2 protein chains.
Amino acid sequence: MLLDLSHPLANGVPSFPGDPAFVATPHATHQEQRVSVTKLTMGSHQGTHLDAPFHFYAEGKTIDEMPLEPFFGPARLIDLVPGGELAPNTELTVETFLPHADAFDSGTRIILRTGWEKQFGKETFFTDFPYITPEAAEWIADTGIALLGMDLPTPGKDAWGTHLPLLAPGVEIVIVEALRNLDRLPNEFTLSAFPLNLKGIDGSPVRAIAIIE
Amino acid sequence: MLLDLSHPLANGVPSFPGDPAFVATPHATHQEQRVSVTKLTMGSHQGTHLDAPFHFYAEGKTIDEMPLEPFFGPARLIDLVPGGELAPNTELTVETFLPHADAFDSGTRIILRTGWEKQFGKETFFTDFPYITPEAAEWIADTGIALLGMDLPTPGKDAWGTHLPLLAPGVEIVIVEALRNLDRLPNEFTLSAFPLNLKGIDGSPVRAIAIIE
């Protein structure tokens with residue numbers, strides 16, 4: 001079974017504050033050209049997307065330079081609040097992750113569920129989200145996982161404090177943000193989350209899909 | 001092993017004649033904001049991409065309405081010119097496909113190799129390509145395959161004559177265009193070619209990947 005983990009993209013969907021808007025404009029139409037073609041404008045971190053190390057590191061890998069293997073393969077769900085939702089602004093510390101430490105095998109893919117996806121579309125989605133602390137980001141970076149996905153818009157309120165350890169040279173964990181439908185995931189599944197083949201770019205929207213046995 | 005079947009996207013890559021240009025513009029930079037964010041503009045049929053039925057049918061399914069199953073699963077390579085390249089403007093007729101009829105199982109994914117990917121970037125890529133005839137498109141539509149991928153920019157010189165049978169209501173074969181690296185494919189593999197989750201849109205760039213055992 002295939003489960004879509006990606007928010008839809010359409011005119012009016014929210015962007016991260018300060019980022020470009022998503023705009024779809026008719027370029028050819030059935031009425032005039034008997035065919036539909038659309039001009040699409042979006043930010044490199046629009047909706048469900050992933051970060052390249054170059055997002056935070058001027059010398060970091062760009063999307064087209066990232067190895068393909070982290071984008072596809074076995075993944076584990078870490079549900080931080082089974083059946084519920086964490087309160088706004090909940091701090092996610094090293095202590096939050098320690099009970100799940102066994103799942104953080106080197107090279108694996110981890111998807112974090114906080115329930116925050118239900119706030120998608122509200123103004124507070126990008127401001128009041130549960131957040132990973134810099135110390136917890138360093139703890140995660142040390143585990144050597146290949147990919148960290150989440151229903152949060154971004155890992156932490158301290159953007160540099162959380163992104164820098166995860167995207168550091170040699171660590172380069174793929175960060176997939178603003179996932180949805182995480183309440184429908186089993187504990188183990190196969191993740192497919194390939195970015196577009198964007199040369200020299202810092203991030204990419206993705207169609208993240210769970211392949212469930 | 002993962003094999004990338006997608007052309008890179010970068011400023012200056014060619015678009016289908018008349019379609020929007022691909023443009024990547026810095027939105028935030030390491031020099032000014034200590035982070036890189038990019039504004040991306042492209043057509044819905046940019047580079048390696050797939051067509052929704054709505055591309056040619058005003059009442060047809062849009063990208064977000066298409067079932068996910070055709071985008072992922074077992075695929076077969078049909079190499080029309082092993083080790084070589086078809087001549088420009090080669091006609092691909094029913095007789096071209098009949099020797100490969102056994103591979104066109106209902107529900108499967110077929111990738112056609114013509115060698116034309118080597119012309120990508122030249123002006124003639126979009127004008128002198130080998131082309132499927134309307135009769136051959138109707139023959140393919142009748143086989144009931146789920147997905148037809150190709151290294152060609154578009155299936156036929158007769159755009160309506162080839163797209164209409166393939167995208168017809170109830171047929172709705174996913175057409176993936178402008179693939180690359182097809183000379184590195186084995187006869188059988190798993191294809192992952194999910195479009196972005198574009199609501200109401202006629203096509204989508206894709207990162208098509210072959211998963212090879």
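# Reading a predicted two-chain model

Guide: Let us start from one residue, B:G149, which is found in strand β9 of chain B; please keep in mind throughout that this is a predicted model.

Visitor: How many C-beta neighbours does B:G149 have inside 10 Å, and does it count as buried or exposed?

Guide: Burial is read here by counting neighbours, and a residue is called buried if 20 or more other C-beta atoms lie within 10 Å of its own. B:G149 has 27 such neighbours and therefore counts as buried.

Visitor: Which residues does B:G149 touch, if those up to four places away in sequence are not counted?

Guide: With those left aside, B:G149 touches B:I111, B:L112, B:V176 and B:L179. For a pair set further apart, take B:G149 and B:K118, which are separated by 31 residues in sequence and by 16 Å in space, C-alpha to C-alpha.

Visitor: Turning to helices, which residues of α3(B) are buried, and what do they pack against?

Guide: The general idea is that an α-helix has 3.6 residues a turn, so residues three or four places apart point the same way. In α3(B) the buried residues are B:A136, B:A137, B:W139, B:I140 and B:A141, and they pack against β6 (91-92), α2 (94-97), β8, β9 and α4 of chain B. The helix is followed by B:G144, whose phi is positive, near 75 degrees.

Visitor: And which residues are buried in helix α4 of chain B?

Guide: In α4(B), residues 159-167, the buried ones are B:T162, B:H163, B:P165, B:L166 and B:L167. Their cover includes β4 (49-51), β8 (131-132), α3 (134-143), β9 (147-150) and β10 (174-177) of chain B.

Visitor: Let us move to chain A and its strand β10; which of its residues point one way, and which the other?

Guide: From β10(A), residues 174-177, A:V174 and A:V176 point one way while A:I175 and A:E177 point the other way, and all of them are buried.

Visitor: Which strands are joined to β10(A), and does each run parallel or antiparallel to it?

Guide: Strand β4(A), residues 49-51, is joined to β10(A) by 3 bridges and runs antiparallel to it, whereas strand β9(A), residues 147-150, is joined to β10(A) by 3 bridges and runs parallel to it. A:I175 is a useful place to look, since A:D51 stands opposite A:I175 and A:L148 also stands opposite A:I175. Between β9(A) and β10(A) the chain crosses through helix α4(A), residues 159-167, and this β-α-β crossover is right-handed.

Visitor: How does chain A look as a whole, in its helices, its strands and its radius of gyration?

Guide: Chain A has 4 helices and 13 strands. Its radius of gyration is 17 Å, close to the 17 Å that the globule rule gives for 213 residues, so chain A is as compact as a globular protein of that length. Its C-alpha atoms fill a box of roughly 60 × 40 × 35 Å along the principal axes, and 49% of its 213 residues count as buried. Among contacts in chain A between residues at least 6 apart in sequence, 76% join residues at least 24 apart.

Visitor: What rotation superposes chain A on chain B?

Guide: Two copies of a chain are related by a rotation about an axis and a shift along it. Here a rotation of 180 degrees, with 0.0 Å of shift along its axis, superposes chain A on chain B with an RMSD of 0.0 Å. The two copies are thus related as by a two-fold rotation axis, and of the residues of chain A it is A:T41 that comes closest to that axis, at 2.2 Å (C-alpha).

Visitor: How many residues does each chain bring to the contact, and which elements of chain A give two or more residues?

Guide: Chain A and chain B each bring 45 residues. On the side of chain A, the elements that give two or more residues are β1 (2-4), β2 (23-28), β3 (37-43) and β13 (209-211), with the largest share, 7 residues, coming from β3(A). The residues on that side divide into 23 nonpolar, 14 polar and 8 charged. Of the interface residues of chain A, 100% are also interface residues in chain B, so the copies meet through the same surface.

Visitor: Which bridge partners do A:G43 and A:K39 have in β3(B)?

Guide: A:G43 has B:K39 as its bridge partner, and A:K39 has B:G43. In total 5 bridges join β3(A) to β3(B), and the two strands run antiparallel. Within chain B, β3(B) is also joined by 5 bridges to strand β2(B), residues 23-28, which runs antiparallel to it, with B:P26 standing opposite B:T38. β3(B) is mostly covered, as 5 of its 7 residues are buried.

Terms used. Residues are numbered from 1 along each chain as its sequence is written. Chains are lettered from A and ligands numbered from 1 in the order in which they are written. This is a predicted model: local features need pLDDT of at least 70, side-chain atom pairs count only at pLDDT 80 or more; totals for chains, interfaces and linings use all residues. Two residues are in contact if their C-beta atoms, placed from the backbone, lie within 7 Å. Ala, Val, Leu, Ile, Met, Phe, Trp, Tyr, Cys and Pro count as nonpolar, Asp, Glu, Lys and Arg as charged, and the others, Gly among them, as polar. Two strands pair if DSSP finds at least two bridges between them. A residue is buried if 20 or more other C-beta atoms lie within 10 Å of its own, exposed if 12 or fewer, and partly exposed in between; C-beta atoms are placed from the backbone. The radius of gyration is taken over C-alpha atoms; the globule rule is 2.2 Å times the number of residues to the power 0.38. Copies are superposed by least squares on the C-alpha atoms of residues with pLDDT of at least 70 in both. A crossover is right-handed if, with the strands pointing away from the viewer, the path from the first strand over the helix to the second runs clockwise.
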